[in-house]
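Visitor: Please walk me through the structure shown here, with some care over how its strands and helices are joined.

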Amino acid sequence: MRKAIIAGNWKMHNTPKESVKLIMELKDKVKDANCEVVVCPTFTSLAQVLTLVENTNIKVGAQNMHYEESGAYTGEISPVMLKELGVKYVILGHSERRQYFHEGDDLINKKIKSALTHELIPILCVGETLEERESGVTFEKIKTQLEEDLHGIEAGKIADIVIAYEPIWAIGTGKTATASDANEVIKYIREQIKKIAGEEIGDKIRILYGGSVKASTIKEQMAQSDIDGALVGGASLKADEFSAIVNF
Ligand SMILES: O=C[C@H](O)COP(=O)(O)O
């Protein structure tokens with residue numbers, strides 16, 4: 001049985017003060033959740049949020065990291081720094097990183113390996129553009145991303161990764177993929193993981209859906225055979241909406 005995860009990606013929203021306010025509002029509202037609850041604030045809010053979620057059921061993730069432990073990489077944050085703070089998850093390969101910061105699969109692969117070495121759980125995002133979907137190459141695109149992003153990672157370690165299927169056309173657009181369309185792609189991802197890492201790991205790995213998830217969509221999404229949770233952007237910025245998603 002795979003334990004569901006609902007993760008909120010706050011993206012570049014919330015100052016430290018705003019983050020404190022949101023987490024204080026959220027704590028009580030999600031305390032009885034039946035899934036793993038994760039919030040991913042900006043780097044500048046991580047320390048305060050981590051302190052405030054001590055002894056609660058909320059875990060904390062970062063939104064990105066460098067693959068090196070330290071060095072002359074101005075403006076970057078290392079896995080060692082995240083680990084020391086108490087961060088548990090790290091989002092890697094988000095389409096916004098791929099699109100605006102030109103992160104390629106090679107780089108994402110290095111980051112995933114490094115996160116695993118430092119016992120951070122990567123939330124690896126994959127997904128197709130609208131153009132790719134319309135020209136019928138969704139599965140090919142996802143297959144390539146998985147093969148390249150997971151290249152050279154031993155099968156046993158792949159089980160620790162969380163994958164988020166995020167069709168790019170559904171992110172921040174209000175256009176949610178239908179639950180059955182999302183499930184179809186997620187099933188395909190699971191099949192690919194079975195090919196890469198073996199049957200058992202494919203059955204075990206948790207795969208989330210992301211893209212305009214709201215309180216009104218989550219029930220149907222979670223009722224699908226292969227969807228193990230959600231990576232939530234916009235709707236994770238409001239305590240009432242996010243807690244309604246978490247308590248689906
Ligand atoms: O990481 C989260 C996703 O990009 C989804 O964002 P969204 O819920 O605002 O569409």
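Visitor: In this predicted model, which handedness has the β-α-β unit made by strand 1, helix 1 and strand 2?
Guide: Strand 1 (residues 5-9) runs parallel to strand 2 and is joined to strand 2 by 5 bridges, with G8 standing opposite V39. Helix 1 (residues 16-29) completes the unit with these two strands, and the unit is right-handed.

Visitor: Which helix forms a β-α-β unit with strand 2 and strand 3?
Guide: Strand 2 also pairs with strand 3 (residues 58-62), in the parallel sense and over 3 bridges, and within this pairing V37 stands opposite I58. The unit that these two strands make is again right-handed, and its helix, residues 43-52, is helix 2.

Visitor: Why is strand 2 largely enclosed by the rest of the structure?
Guide: In a regular strand the side chains alternate between the two faces of the sheet. Here E36, V38 and C40 point one way from strand 2 while V37 and V39 point the other way, and all are buried. Strand 2 is therefore largely enclosed, since the buried residues number 5 of the 5.

Visitor: How do the residues lining the largest cavity divide into nonpolar, polar and charged?
Guide: A search of the whole structure finds 1 cavity of 30 Å³ or more, and about 50 Å³ of space lies in the largest cavity. Its lining includes H94, R98, C125, Q145 and E166, and helix 4 (95-100) and strand 5 (121-126) each supply at least two of the lining residues. The lining divides into 3 nonpolar, 5 polar and 2 charged residues.

Key:
Residues numbered from 1 in each chain as written. Predicted model: local features only at pLDDT ≥ 70, side-chain atom pairs only at ≥ 80, totals over all residues. Heavy atoms only, no water. Buried < 20%, exposed > 50% of the residue type's maximum accessible area, 1.4 Å probe, protein only. Helix = DSSP H or I, 4+ residues; strand = E, 2+ residues; numbered from the N terminus. Pairing = 2+ DSSP bridges. Right-handed = clockwise from strand over helix to strand, strands pointing away. 1 Å grid on protein atoms, 1.4 Å probe; cavity = no way out; pocket = protein on both sides within 12 Å on 5 of 7 lines; lining within 4 Å. Points joined across faces, edges and corners; volume = space filled by probe spheres on them. Nonpolar A, V, L, I, M, F, W, Y, C, P; charged D, E, K, R; others polar.
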